Structure formats: structure tokens, C-alpha cells
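Reader: I'm new to this structure and would like a close look at one single part of it. Could you pick a residue and work outward from there?

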Amino acid sequence: MPKPYYITTAIHYPNGRPHIGHAYEMIAADTIARFQRQAGRDVRFQTGTDEHGLKMVQTARGRDMEVRALADEMSGYFRDMAEKLDISCDRFIRTVESDHYAASQAIWQAMADAGDLYLDRYEGWYSVRDEAFYEEKELTEGEGGQKLSPQGTPVEWTAEETWFFRLSKYQQPLLDFYAANPDFIRPESRRNEILRFVEGGLADLSVSRTSFDWGVPVPGSPGHVMYVWVDALTNYITGVGYPDDKAMFEKFWPADLHLIGKDIVRFHTVYWPAFLMSAQLPLPKQVFGHGFLLNRGEKMSKSVGNVVDPMALAELYGVDTLRYFLLRDVSFGQDGTFSDEAIVTRANADLSNSFGNLAQRTLAFIAKNLEGALPEAGKGDPADAELLAAVRQGTAEFRAQFEKLALSQALEAWMQAVFACNAYIDTQAPWALRKTDPERMHAVLGTLIRAIRDLAIAILPVVPASANKLLDFLGAKDRDHAALEDSGWYEALAAKGFRISPPTPIFPRLELKTAEGET
Ligand code: ME8
């Protein structure tokens, strides 16, 4: 039985259209999901939209629409984006769905049964943009004396009767859990931030609101809806059958990885595990806080007018190019910057000029000169085995780095193997051998086909459409990691009389265009 693997992204606020930060997170998670599927795991991958809370209420009011209508419209854009970007999610969850209400009320009840909820009056600071409560000591002052959250968003004073969760009770259990599970919070810098925060003491958390009604109703407490983060975090267990589908829940929970951005690590590594401890449910295995994407080094914001529409970028440069660029150019876990020039330069250097050109030249040459027949064993040379060893080493290193979520380093290792192939072509010069030594030419081209197939299998999670297309040209059916161990595929395919058709370019060269300023 393959080992299950459950991965989630954050669920995104549909108070506006998706931006490239949302696309980045979905792409990174999708790549990891595809990688784990290739490794033979039984993967479940969930993404979706987080539709409750005051931010949604205020946005809808500003646009003079019903909140539900806003949620329906905007959530649709997120779903469209997931489809366009080849996001292979098993469920796109919306927090307005009925099974999600049931799951949220069930975990609430479990926390109440544990004695962890009590009614009191909340007075304090709230940031609508972050949907977060802050303590006075965390705030700074902005222009005109406006108090700001640590994220730089405005906070407002709120006072209402709410339910409280006894977060303070979980300070020591959380610290013990972090100590026993050093990989729970990644990368290391985020772990240190959280340790410092929890060591500083935890105040009980206000977990219901009475000043608006757009949320999951608190069971048995008319007038109260759950604080949006309580229901939002619960989406992760709704999606695996909590509370009724016990078989599914046992199979996929706890999650292997919650992939989220660095601004919401506290919710996922303090509040969420405390809720789960209270409800006596197992805790997720890992939370990874990725960095933020910056537009030419600048934070994106509507007021600056530098928010980039990921769909426009995908349209201009291609989905796979965008996927590759984001994972290759941004060191995973750190902030990264993008620009049209950077995308075009990277795509042309790595995909078009190096890997694409390697594949294109080799396949087109075989299609033309050997009528597409797979090259014969020919006259071997130690250089052939050396190249295949370099490719094997590159794809193994790719997988090892990927397992550690060092995605950019993984791609760098893959590129080293591509470079080795290009160096091999230059020294072996198969095109010249056609006249001087056809037997040697066969051996060289056969070696290249094997190398290209392995490189395409390795890179498949990152550029799925392109790699699949290339593997189709090669007639390579098995595309999981086990296929990398099978060197007999080539002879088997040749024995069947497979012929390579003239290929169309996999990664055409890109021209610089611009998607700047579009929203
Ligand atoms: O926080 N670069 O939703 P959200 C990279 N609904 N990632 C970015 C980014 C950027 N510029 N801007 C945002 C929420 N993100 C909650 C989550 S989960 C139970 C509830 C990331 O739409 C951000 O860090 O504001 C988060 O992981 C995700 O996009 C959704 O952000």
C-alpha cells in the first residue's frame, strides 16, 4: 500500500482577484504534490478560498454587493486560476460549503467539551486586513498616530462579548511539542520567531464575533459567529472527512505539509496546534512558511499600482515557464523578486537554450536522418556511460533536494545535468559523425535519448505539460521515479519499432513583453 501524503496550501481570501503570491503558493504546492505522486505516494492535495470574516463583509459593502455574491464571483477566479496553472488539487474547498460548517461546529464542540471555551468581554486591537487580534505591545505608530500591526496594517479598537479559547493553557504543551518535533516549523528562521513568541507568554484568544453575522454560527450561542481563523484553519480537516468519514480522516490526517506564507505562520503553528490539542486530534507534521514575492524588489499593493495578474503572466510567457521561473529563481523559504526581464532571461537560458534546444536538436535530427527510428547500440565509448552517470547523479540530487523542499537547489542540480549533456553534444558532435562514423553517431544519439528521457521525468512536477509532451515524443510511458531505475525501457521501445515524429519546440524562445501594471 503506498504511503498517503496530504498537502495543503493556505486558503485564500477572495476579497479581490488572485495575485501572483497566491499563484506562487499554489504552484509550489502543486509541484510538491506531483513529486510525491511520482514517488508512489497516495497524495491528497487541497487548496481553496477562505470566505468568511470582516474583510469580506467590508469589501462587499464597499462594492455594494451581497457578501455571498462577492465570495462566489471571486472564488471563481481563484478556481479558474488553479485550472489555468495546472494545479492538480483533489479538492478546491470553499468555506461556505456545508460539510465545512459541520466540521467547524464539530471542532468547536470538542474544544468546548475540553473546557477550553468561556464567554467574556473582549477589548483590544483588531486588524481587519490581517483578520487578527494584536496586543498593545506588538503595535507601532504610523502617520497621524494610526496604530499599526506588526504587518504594517491599521488596527482598530474593538469591544464586544466573545467566546475565548484558553490559549494560555497550551503554552507549555506547545513548547514541548516544538522541542520534540524540531522539523514542525520550517524554515529555521520562522521556527525561531515562533519559539520567541510563545516563550513570551500566550494570552487567551477571542474566537467569536457578535458585530456581524457572516461566518459559521457558534453552536448553542445565538448571535455569535466563529472568528474567521477558527473556521479557516478547520478547512484542513474538513477536506479529509472530519468528523464523519473516519476512514478518510485516518488515512490522510495528520497532514504531511501545510504550505503557507511567512505572514501567517503564527496562526498555523500556535493557534492551530492548540485547537487540535484541545480537540484531542493529531497535529500536522510540518508547516512551511514560504517567502513573499516582490515586484522588482517592491512590495505589491493596489495603491502603488504594481500588482501583477498571474494569469496575464501565464498568458504572455506560458504556464510552465512561469512555474519554472518562480521555483528556480526564488530560494524557497526566502523572499524573491520577479520582473519580465528576469522571467525571460531565466526561461531562455535554462529552458529554451539549454534543455529545449538539447531535446529539439536530438529529436529533430533522429526524425530526419533515421526516419525516427531509435538509434542502435552502435559503437560505445566510456564518455557515454560517464554522461549517463552524470545524469543519474543530477536526477538523484534533484530528488534529494526536493525532499528537503530546497526546490531551487533541486533545479540547479537538474541544470548541471543538462549542461553535462550539452557539453557531451559539443565534444561528440553527432551531426558530423553522420558522414564520418555512423556507428558512433548511433551510440551518441541513443545516449542522448536516454539522458533526455530521465531529465524530462525528473522535471515533470515543475513543468508538467511540457515534460509530458516531450515524453510523448519519446514514447516513454512510465514517468514515475521508479522509471528512472529502469534502463531497459529503451530496448523494449526499440523492439516495438517505435518511431520519433518530427517534434514541435517544447520551450520556444521568449521575447520580452510586459504585464506590468495590470491587475
Ligand atoms: O492569509 N508573495 O489569505 P491571503 C507570496 N485566508 N505569498 C503571498 C503574497 C506574496 N506577495 N501575498 C500573500 C490568508 N501570500 C488566509 C489564510 S489559511 C487557513 C487562511 C500568501 O489570501 C499568504 O502568505 O491573504 C498566504 O499563505 C496566501 O498567500 C493567502 O493569503
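Author: Let's start with Thr 31, which sits in helix H1. Keep in mind that this is a predicted model, so everything here is computed from predicted coordinates.

Is Thr 31 buried or exposed? It counts as buried, because 25 C-beta neighbours fall inside 10 Å, and 20 or more is what it takes. Some of the company around Thr 31 comes from far along the chain. Setting aside residues up to four places away in sequence, Thr 31 touches Leu 327, Pro 461 and Val 462. Pro 464 is worth finding too: 433 residues separate Thr 31 from Pro 464 along the chain, yet their C-alpha atoms are 8.8 Å apart.

To see where those partners belong, look at the domains. The assignment gives domain 1 as residues 4–290 and domain 2 as residues 340–496. Their C-alpha centres are 43 Å apart. The two do meet: nine residues of domain 1 are in contact with 11 residues of domain 2. On the domain 1 side of that meeting, H1 gives the largest share, with five residues. What kinds of residues make up that side of domain 1? They split into four nonpolar, three polar and two charged.

Helix H1, residues 20–38, has another job in this picture, at the ligand. The shell around the ligand has 19 residues, and the closest are Ala 10, His 12, Gly 21, Asp 50 and Gly 261. Here again H1 provides the largest share, four residues. Strand S1 (4–12), helix H7 (228–238) and strand S13 (257–261) join H1 in each supplying at least two residues of that shell. By type, the shell has 11 nonpolar residues, five polar ones and three charged ones.

If you follow the chain on from H7, you come to a couple of cis peptide bonds. One joins Tyr 242 and Pro 243, with omega about 0 degrees. Pro 243 is in the loop between H7 and helix H8, which covers 246–252. The other runs from Trp 253 to Pro 254, with omega near 5 degrees. Pro 254 belongs to the loop between H8 and S13. Both H7 and S13, remember, supply residues of the ligand shell.

Two other spots in the backbone deserve a glance. Asp 86 has a positive phi of about 65 degrees, although it is not a glycine. You'll find Asp 86 in the loop between helix H3 (67–84) and strand S3 (91–94). Asp 86 counts as partly exposed because 18 other C-beta atoms are within 10 Å. Glu 371 also has a positive phi, about 50 degrees, and is not a glycine either. Its loop is the one between helix H12 (340–369) and helix H13 (382–403). How many other C-beta atoms lie within 10 Å of Glu 371? There are 9, so Glu 371 is exposed.

Now for what the UniProt record says. An unreviewed entry there places the feature "domain: Methionyl/Leucyl tRNA synthetase" at residues 5–363. The end C-alpha atoms of that span are 36 Å apart, and the span is 44% helix and 20% strand. The unreviewed entry also gives "domain: Methionyl-tRNA synthetase anticodon-binding" at residues 374–510. For residues 374–510, the end C-alpha atoms lie 30 Å apart, with 69% helix and 0% strand.

Finally, step back to the whole chain. It has 19 helices and 16 strands. Its C-alpha trace spans about 90 × 50 × 40 Å along the principal axes. A compact globule of 519 residues would have a radius of gyration near 24 Å, and the chain has 26 Å, so the two agree. Of those 519 residues, 44% count as buried, and Thr 31, where we began, counts as buried too. Among contacts with a separation of 6 or more, 75% link residues 24 or more positions apart. Thr 31 gives you a handy example of distant stretches of chain meeting: it touches Pro 461 and Val 462, among others.

Methods: Residues are numbered from 1 along each chain as its sequence is written. This is a predicted model: local features need pLDDT of at least 70, side-chain atom pairs count only at pLDDT 80 or more; totals for chains, interfaces and linings use all residues. The radius of gyration is taken over C-alpha atoms; the globule rule is 2.2 Å times the number of residues to the power 0.38. A residue is buried if 20 or more other C-beta atoms lie within 10 Å of its own, exposed if 12 or fewer, and partly exposed in between; C-beta atoms are placed from the backbone. Two residues are in contact if their C-beta atoms, placed from the backbone, lie within 7 Å. A residue is near a molecule or strand if its C-beta atom, placed from the backbone, lies within 6 Å of it. Ala, Val, Leu, Ile, Met, Phe, Trp, Tyr, Cys and Pro count as nonpolar, Asp, Glu, Lys and Arg as charged, and the others, Gly among them, as polar. Domain bounds come from an automatic or database domain assignment. UniProt positions are given in the numbering used here, feature names are shortened, and annotations may be inferred rather than shown by experiment.
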